[in-house]
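Visitor: I'm new to reading protein structures. Could you walk me through this one and explain how each label is earned?

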Amino acid sequence: MNRQLNNYLLKGGRLIDPASGRDGSFDIRVVDGKIEAIGANLAAEGAAVVDAKDCVVTPGLIDVHLHLMKGLGAFGVDPDIFGIGSGVTTVVDAGSAGHTLLNVFRNYVTDNAKTRVLNYINLSTLGGVSGPGYSILADPRLIDEAKIEQAVQANRDIIVGIKIMATGGALGAQGLKPLERARKLGDTLKIPLLIHIGESWTKGTEPVAIGDVLKYLVPGDIITHMFTVHPGGLLDANGKLWPQVRDAEATGVLMDVGHGLHNLNFDVARKVLDQGLQPDGVSTDGHRGNRAGPVYDLPTTMAKLMALGFSLNQVIEMATVNAARLLGRMNELGTFRIGLPAEISVLRIEDREWQAIDSQKGTIPAHQALVPIYAIRRDAIYEPLPIERPP
């Protein structure tokens, strides 16, 4: 359900905007889809009042890792399910399309979504067609730098980086050669690399050592699945961070949660966090196979991080200004500014006891839940889709 309003006042909520430092009782007036005013106790002045009392109002939440080519294989999901249907205004597809399918993705998914959809282009020509358990980079012919460059240059408005599966299963006999090629391509196109770590889909395969992966990364590149329990993760056999991980963090390599069906493990998370490594971004790695659990949606994933000890303001920062920084979109996303198109999420905090569940069915006690109330884009106010969240 959605409403169209040309002139409205979002009133009575607690506004949290980490990028600007605002945290308090502020109203937002939106006229013709753009933010006209932000302030305490703004007068309606003929605007329709949208009640946000007892809610938290944030810049539009950004989920930086999903699989959104609906109908593709077992995983592609409609972006509006994890997007506006979950209180999220921007979603990012993590490599469903290589250069051959990018235009199809754009015409079929991006241009038909109510949610803003951005993309990582897959280094492999196959993209997500064959599924994550296949050797999509094992043949050197499956990488075509010239065609990737053409696709990126023609779609700069939606492309935010290059996705690489840095697993033994995906790389196959090519070993680290695809990473070397990706590095050169990222440098040429001036876009970051998004690196999947963790041998979650190909059991029994020799994993790629994280130290070898990190040799190819530079500031602004992103490691996703930082809390994976699978071989090839951030921890050595003794549960300690590999020294190369600390070196990479110090140089500006970024870390994303990437929950997913397999890659959020609470025990690993505690060990990583106890050693001082913090996530830069929070994402669901959402797809058709985890909407009904264990992932559910971005607000639930944020609440799981709160159960691990993060504050409300910290998880909102990860899902707004930090996410915009990961995507190189700080001029347009992640904060409230007068004159910008309205991109707003409205959440309710529920103080209640529930069991947060990870990808291996491990649980930890949680004391607060985050429930989406509205996703607002310009003049459209969307209510969330019904979903059964963890009790």
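Guide: Happy to! One term to begin with: helices and strands here are DSSP runs, a helix being at least four residues of H or I and a strand at least two residues of E, and they are numbered from the N terminus. Also keep in mind that this is a predicted model.

Visitor: Okay, then where does Pro294 sit in that numbering?

Guide: In the loop between α8 (266-274) and α9. As runs are counted from the N terminus, the names tell you which helices flank that loop.

Visitor: What makes the peptide bond from Gly293 to Pro294 worth a stop?

Guide: Its omega is near 5°, and the bond is cis.

Visitor: How many helices and strands does the protein have altogether?

Guide: Eleven helices and 18 strands.

Visitor: What makes you say the overall size agrees with a compact globule?

Guide: Set two numbers side by side. A compact globule of 391 residues would have a radius of gyration near 21 Å, and this protein has 20 Å, which agrees. Along its principal axes, the C-alpha trace spans about 65 × 45 × 35 Å.

Visitor: And what share of the residues counts as buried?

Guide: That would be 59% of the 391 residues. To be called buried, a residue needs under 20% relative accessible area, while exposed means over 50%.

Visitor: Why is Glu45 called exposed or buried, whichever it is?

Guide: Its relative accessibility is 65%, and the cut-off for exposed is over 50%, so Glu45 counts as exposed. You'll find Glu45 in the loop between β6 (34-39) and β7 (48-51). Glu45 also has a positive phi of about 50° although it isn't a glycine.

Visitor: What about phi in Lys361?

Guide: Lys361 has a phi near 70°, a positive value in a residue other than glycine. Lys361 lies in the loop between β16 and β17. With a relative accessible area of 69% against the cut-off of over 50%, Lys361 is therefore exposed.

Visitor: Let's do strands. How do you know that β3 and β4 pair?

Guide: Two strands pair if DSSP finds at least two bridges between them. β3 (residues 14-17) and β4 (residues 22-25) have four bridges, so they pass, and the sense is antiparallel. In that ladder, Ile16 stands opposite Asp23 of β4. The hairpin has four residues between the strands, and Gly21 there takes a positive phi near 85°.

Visitor: And what makes β13 and β14 a pair?

Guide: Try the rule again: β13 (residues 193-196) and β14 (residues 222-224) share three bridges, and at least two are needed, so they pair, in the parallel sense. Ile195 has Ile223 of β14 as its bridge partner.

Visitor: What holds strands like that side by side?

Guide: Strands of a sheet pair through backbone hydrogen bonds, either parallel or antiparallel.

Visitor: Which strands make up the open sheet?

Guide: There are seven, in the order β9-β10-β11-β12-β13-β14-β15, with parallel pairing.

Visitor: Why are β9 and β15 called edge strands?

Guide: β9 (61-66) and β15 (254-256) each pair on one side only. Between neighbouring strands of this sheet, the average turn is 25°, direction ignored.

Visitor: Now the empty spaces. What makes something a cavity rather than a pocket?

Guide: In a cavity, a 1.4 Å probe fits but cannot get out, whereas a pocket is open. Searching the whole structure turns up two cavities of 30 Å³ or more.

Visitor: What lines the largest cavity?

Guide: It has 14 lining residues, and the closest to its centre are Glu332, Leu333, Gly334, Thr335 and Glu343. The space inside is about 80 Å³. By class, the lining has seven nonpolar, five polar and two charged residues.

Visitor: And which element gives the most to the lining of the second largest cavity?

Guide: β17, with three residues. α9 (298-307), β16 (343-357) and β17 (363-377) each supply at least two. This second largest cavity holds about 40 Å³, and its lining has six nonpolar, one polar and two charged residues.

Visitor: Last one: which residues lie nearest the centre of the second largest pocket?

Guide: Pro231, Gly232, Gly233, Leu235 and Trp242, out of 18 lining residues. That pocket has a volume of about 220 Å³.

Conventions: Residues numbered from 1 in each chain as written. Predicted model: local features only at pLDDT ≥ 70, side-chain atom pairs only at ≥ 80, totals over all residues. Heavy atoms only, no water. 1 Å grid on protein atoms, 1.4 Å probe; cavity = no way out; pocket = protein on both sides within 12 Å on 5 of 7 lines; lining within 4 Å. Points joined across faces, edges and corners; volume = space filled by probe spheres on them. Nonpolar A, V, L, I, M, F, W, Y, C, P; charged D, E, K, R; others polar. Axes fitted to C-alpha atoms, helices over the stretch in contact; angles between N-to-C directions. Rg over C-alpha atoms; globule rule 2.2 N^0.38 Å. Buried < 20%, exposed > 50% of the residue type's maximum accessible area, 1.4 Å probe, protein only.
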